[in-house]
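Colleague: I've got a new model open and I'd like to learn how to read it feature by feature. Can you walk me through it?

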Amino acid sequence: MRAVWLREFGGPEMLVAGTAPDPVAGPGQVVVQVEVVNVTFLDTLIRSGAPGPFQVTAPVIPGNGVGGVVAEVGAGVDPGLLGRPVVASLGGSGGYAERVAADVDSLVEVPDGLGVDVATAVLADGRTASWLLDATKVAPGERVLVDGAAGGVGSMLVQLARAAGATVVAAAGGAAKVALAADLGAQVGVDYLREAWPDEVRDAVGAVDVALDGVGGAVGRAAFDLLAPGGRLLCYGLTSGSWAAVTDEEAAERGVTVVRGRPSPADNRRYLRAALAAAAAGGLRPLIGQRFPLEEAAAAHVAIAARATVGKTLLVVRR
């Protein structure tokens with residue numbers, strides 16, 4: 001089968017198209033004929049060898065999330081799954097390929113009427129956005145700041161927070177991305193490439209009640225500074241290259257709760273099913289900003305690292 005290998009850790013050029021043996025479904029597993037692969041900022045960190053939640057050893061086929069059709073089932077698996085469209089999380093590797101073996105417990109069936117590509121765009125980002133809103137207990141009428149608002153998770157946060165009755169303040173890098181967030185439902189939009197963007201937020205809404213930080217660095221720190229006493233901060237990403245520099249002591253002095261933790265696998269499945277159902281019903285619009293052929297995975301990583309992407313990036317596998 002066709003696959004993309006990470007021969008050694010380093011830059012995007014370390015991703016090399018090649019071949020690999022077809023996987024076989026073991027007990028409790030299926031083989032998925034992959035149609036599209038979810039590419040995330042986390043993939044770029046894994047490729048570089050940076051620390052993260054998934055530790056892999058090169059050479060390896062990277063890729064954590066895929067969408068496709070069940071082509072084989074192993075022992076103990078319901079044969080009724082054959083031919084069903086599914087999305088699956090693979091534990092950090094194996095996804096950049098035409099076929100993958102996946103534990104049946106990692107599968108979620110794609111709802112009727114939803115494309116596999118759209119479901120794959122929801123796979124990681126939709127469940128993450130659903131968890132973020134749940135973990136910070138966003139309530140109607142609250143002012144919610146979403147930075148990185150035109151990204152995969154951020155674009156879904158804008159929609160879900162608006163649907164929860166919040167006033168959504170979207171911070172994104174550049175006028176085009178700010179306009180995109182407004183189109184998704186943000187009532188206030190600011191360009192965080194402008195030095196005065198925190199003042200623009202204050203002029204529009206005063207302080208904010210919840211800050212959802214996917215950028216980190218100076219942007220994440222500014223998001224913290226915008227929080228009102230009693231506010232909540234959840235830092236979930238570092239596309240700037242570093243986490244927001246906020247200490248527990250600073251948060252306590254200002255009466256801000258720094259929300260931490262990670263959802264359990266069972267919770268992740270629940271959040272994913274909810275996000276897929278919302279997408280199937282038309283209440284959540286995943287933004288697929290760019291698609292690359294499987295063999296051009298390196299180009300996809302270059303685009304993500306350059307902050308040149310919007311929404312979700314997919315690799316198209318099925319020819």
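Modeller: Sure, and keep in mind that this is a predicted model. Let's start with one residue, Ser-89, which sits in strand β5 (residues 85-89).

Colleague: Okay, which residues does Ser-89 touch, leaving aside those up to four places away in sequence?

Modeller: Ser-89 touches Asn-64, Ser-106, Leu-123 and Arg-127. With Arg-127 there's a side-chain link too: a polar contact of 2.9 Å joins the two side chains.

Colleague: Now helices. How do I describe a packed pair?

Modeller: Two packed helices are described by the angle between their axes and the distance between those axes. Here, try helix α2 (residues 116-135) against helix α8 (residues 265-280): they pack at an angle of about 115°, and their axes are 8 Å apart.

Colleague: What do I call that arrangement of α2 and α8?

Modeller: Angles of 65 to 115 degrees count as roughly perpendicular, so α2 and α8 are roughly perpendicular to each other. Their crossing is right-handed.

Colleague: Which residues make the contact?

Modeller: From α2 you have Ala-119, Val-122, Leu-123, Gly-126, Arg-127, Ser-130, Trp-131 and Asp-134. On the α8 side they are Asn-268, Arg-270, Tyr-271, Leu-272, Ala-275, Leu-276 and Ala-279. By type, the residues of this contact split into nine nonpolar, three polar and three charged. You'll recognise Leu-123 and Arg-127, both touched by Ser-89 as well.

Colleague: And what leads into α8?

Modeller: Look at Pro-263, in the loop between β13 (257-258) and α8. Leaving aside residues up to four places away in sequence, Pro-263 touches Trp-131, Asn-268 and Tyr-271. For a longer view, Pro-263 and Leu-315 are 52 residues apart along the chain, and their C-alpha atoms are separated by 26 Å.

Colleague: How about backbone oddities? Where is there a cis peptide bond?

Modeller: Between Ala-58 and Pro-59, with omega at about 0°. Pro-59 belongs to the loop between α1 (41-48) and β4 (65-73). Then check phi: Lys-137 isn't a glycine, yet its phi is positive, about 55°. You'll find Lys-137 in the loop between α2 and β8 (143-147).

Colleague: Last one, zooming out. How is the protein divided into domains?

Modeller: Domain 1 takes 2-109 + 287-316, and domain 2 takes 125-258. Their C-alpha centres lie 29 Å apart. As for where they meet, 10 residues of domain 1 are in contact with 13 residues of domain 2.

Notes:
Residues numbered from 1 in each chain as written. Predicted model: local features only at pLDDT ≥ 70, side-chain atom pairs only at ≥ 80, totals over all residues. Heavy atoms only, no water. Helix = DSSP H or I, 4+ residues; strand = E, 2+ residues; numbered from the N terminus. Polar contact = N/O pair within 3.5 Å; in protein donor to acceptor, adjacent residues only side chain to side chain. Contact = heavy atoms within 4.5 Å. Axes fitted to C-alpha atoms, helices over the stretch in contact; angles between N-to-C directions. Parallel < 35°, antiparallel > 145°, perpendicular 65-115°, else oblique. Left-handed = near helix turned anticlockwise from the far one by under 90°. Nonpolar A, V, L, I, M, F, W, Y, C, P; charged D, E, K, R; others polar. Domains from an automatic or database assignment.
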